[in-house]
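User: I should like to learn how to read the overall fold of a protein. Could you guide me through an example?

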Amino acid sequence: MGILSILELMEETKNTVLSRGHNVKNWLVLGNNCYALECADCKKTVMIKENPLPNEIKVGGEAVAVNCVKPVKEKKLRKK
Ligand SMILES: [Zn+2]
């Protein structure tokens with residue numbers, strides 16, 4: 001697995017996440033060749049592992065599987 005293919009995978013994954021309506025910008029580096037995106041709106045994430053174990057998957061997370069649900073702004077702020 002070369003550096004080019006992980007970059008391609010990251011771009012492809014980000015495009016998929018964006019196409020689901022998620023509000024993502026920059027990849028977070030989690031270490032161990034692990035990268036993550038978090039949606040600023042619904043907080044769903046997607047993670048990429050460059051060198052997954054045989055029982056792990058390369059790309060995983062809710063953000064690639066489900067569409068973004070934008071947070072509903074409450075009109076009334078609950079105050080005590
Ligand atoms: Zn989202």
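**Reading the fold**

Analyst: One begins by listing the secondary structure elements. This model is predicted, and the protein contains 2 helices and 4 strands.

User: In what order do the elements run from the N terminus on?

Analyst: Their order along the chain is α-β-β-β-β-α.

User: How are the strands arranged in the sheet?

Analyst: One looks at which strands are neighbours and in which sense they pair. Here the 4 strands make an open sheet, ordered β1-β2-β3-β4, with antiparallel pairing. Strands β1 (28-31) and β4 (59-60) are at the edges with a single partner strand each, so one side of each has no neighbour in the sheet.

User: How many bridges join β3 and β4?

Analyst: Strand β3, residues 45-49, pairs with β4 over 2 bridges in the antiparallel sense. For methionine 47, the bridge partner in β4 is glycine 60.

User: What do the radius of gyration and the box say about the protein?

Analyst: The radius of gyration is set against that of a compact globule. For 80 residues such a globule would have a value near 12 Å, whereas this protein has 15 Å. Along the principal axes, the C-alpha atoms fill a box of roughly 55 × 25 × 20 Å.

User: What share of the residues is buried?

Analyst: Buried residues are those under 20% relative accessible area. They make up 26% of the 80 residues in the protein. The accessible surface is about 6,100 Å², and carbon and sulfur atoms contribute 55% of that surface.

User: How many side chains are positive and how many negative?

Analyst: There are 14 positive and 9 negative side chains, and the centres of these two sets are 15 Å apart.

How values were computed. Residues numbered from 1 in each chain as written. Predicted model: local features only at pLDDT ≥ 70, side-chain atom pairs only at ≥ 80, totals over all residues. Heavy atoms only, no water. Pairing = 2+ DSSP bridges. Rg over C-alpha atoms; globule rule 2.2 N^0.38 Å. Buried < 20%, exposed > 50% of the residue type's maximum accessible area, 1.4 Å probe, protein only. Areas by Shrake-Rupley, 256 points an atom, 1.4 Å probe, with all protein chains shown as cover. Lys, Arg positive; Asp, Glu negative; His and termini not counted. Charge placed at Lys NZ, Arg CZ, Asp CG, Glu CD.
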